[in-house]
Amino acid sequence: MKARLPQGYSNGGGNMNSVIKKAQKMQEEISKLQAELEVKEYSASVGGGQVEAVVTGKKEVKSLNIKPEVVDPEDIEMLQDLVISAINEAMREADADSDARMGQLTGNISIPGI
């Protein structure tokens with residue numbers, strides 16, 4: 001004997017197809033956004049503009065600008081700290097932008113691997 005569903009109910013096949021299509025569309029949009037973010041550039045300057053770092057969305061340092069007046073042979077550690085700070089800040093900007101834009105696309109749902 002087969003169980004029957006009340007009229008108006010189905011086995012969900014049509015609904016599942018709709019969910020799959022939406023998921024595929026979202027995956028395409030995510031891939032497009034990831035490609036867009038990879039080539040975007042983020043910059044940060046520290047020390048009152050003495051050191052500026054530019055990174056890509058791929059987390060690669062694209063450029064580093066150091067003003068000559070910040071170079072003090074007697075205080076290399078300060079310059080090193082400024083360079084590290086500028087790069088880290090630019091990376092944080094890239095991460096924040098990526099998280100915000102992915103959140104808009106996914107409705108802030110955490111998707112592993114993205």
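Which strand is V51 found in? Select residues 51-56 in this predicted model and you have the answer: this run is strand 2, and V51 is part of it.

Stay with V51 for a moment. Its relative accessibility is 0%, so V51 counts as buried. Now add I66 to your selection: V51 and I66 are 15 residues apart in sequence, yet their C-alpha atoms are 4.7 Å apart in space.

Next, visit the inside. Select I30, L33, L37, Y42, A44, V55, A90, M91, A94 and M102, the 10 residues of the largest nonpolar core. Helix 1 (13-39), strand 1 (41-46) and helix 2 each supply at least two of these residues, and helix 2 gives the largest share, with 4. Apart from this core lies another one of 8 residues, including V46, V51, V70 and L82, so V51 turns up again here, buried as you saw.

Time for some charged pairs. The model has 6 salt bridges; here are some to try.

- Select K25 and E29: their side chains meet at 3.1 Å, N to O. They are 4 residues apart in helix 1, which means about one helical turn separates them.
- Select K62 and E41: this salt bridge has an N to O distance of 2.5 Å. It links distant parts of the chain, with K62 in strand 3 and E41 in strand 1, 21 residues apart. K62 is exposed at 52%, while E41 is partly exposed at 40%.
- Select E89 and R92: their closest N and O atoms are 3.2 Å apart.

For a last stop, select D72, E74, D75, E77 and D81, which form a negative surface patch. Of these, D81 is found in helix 2 (residues 76-106).

Terms used
Residues are numbered from 1 along each chain as its sequence is written. This is a predicted model: local features need pLDDT of at least 70, side-chain atom pairs count only at pLDDT 80 or more; totals for chains, interfaces and linings use all residues. Side-chain values use heavy atoms; hydrogens and water are left out. Patches are made of residues with over 30% relative accessible area and no salt bridge: like charges are joined within 9 Å, nonpolar side chains (Val, Leu, Ile, Met, Phe, Trp, Tyr) within 5 Å. Accessible areas come from the Shrake-Rupley method with a 1.4 Å probe; for residues, only the protein chains shown count as cover. A salt bridge is a side-chain nitrogen of Lys or Arg within 4 Å of a carboxyl oxygen of Asp or Glu. Lys and Arg count as positive and Asp and Glu as negative; His and the chain ends are not counted. The place of a charge is taken as NZ of Lys, CZ of Arg, CG of Asp or CD of Glu. Helices (H or I, at least four residues) and strands (E, at least two) are DSSP runs, numbered from the N terminus. A nonpolar core is a set of buried Ala, Val, Leu, Ile, Met, Phe, Trp, Tyr and Cys residues joined through side-chain atoms within 4.5 Å. Buried means under 20% relative accessible area, exposed over 50%, partly exposed in between (1.4 Å probe, protein chains only).
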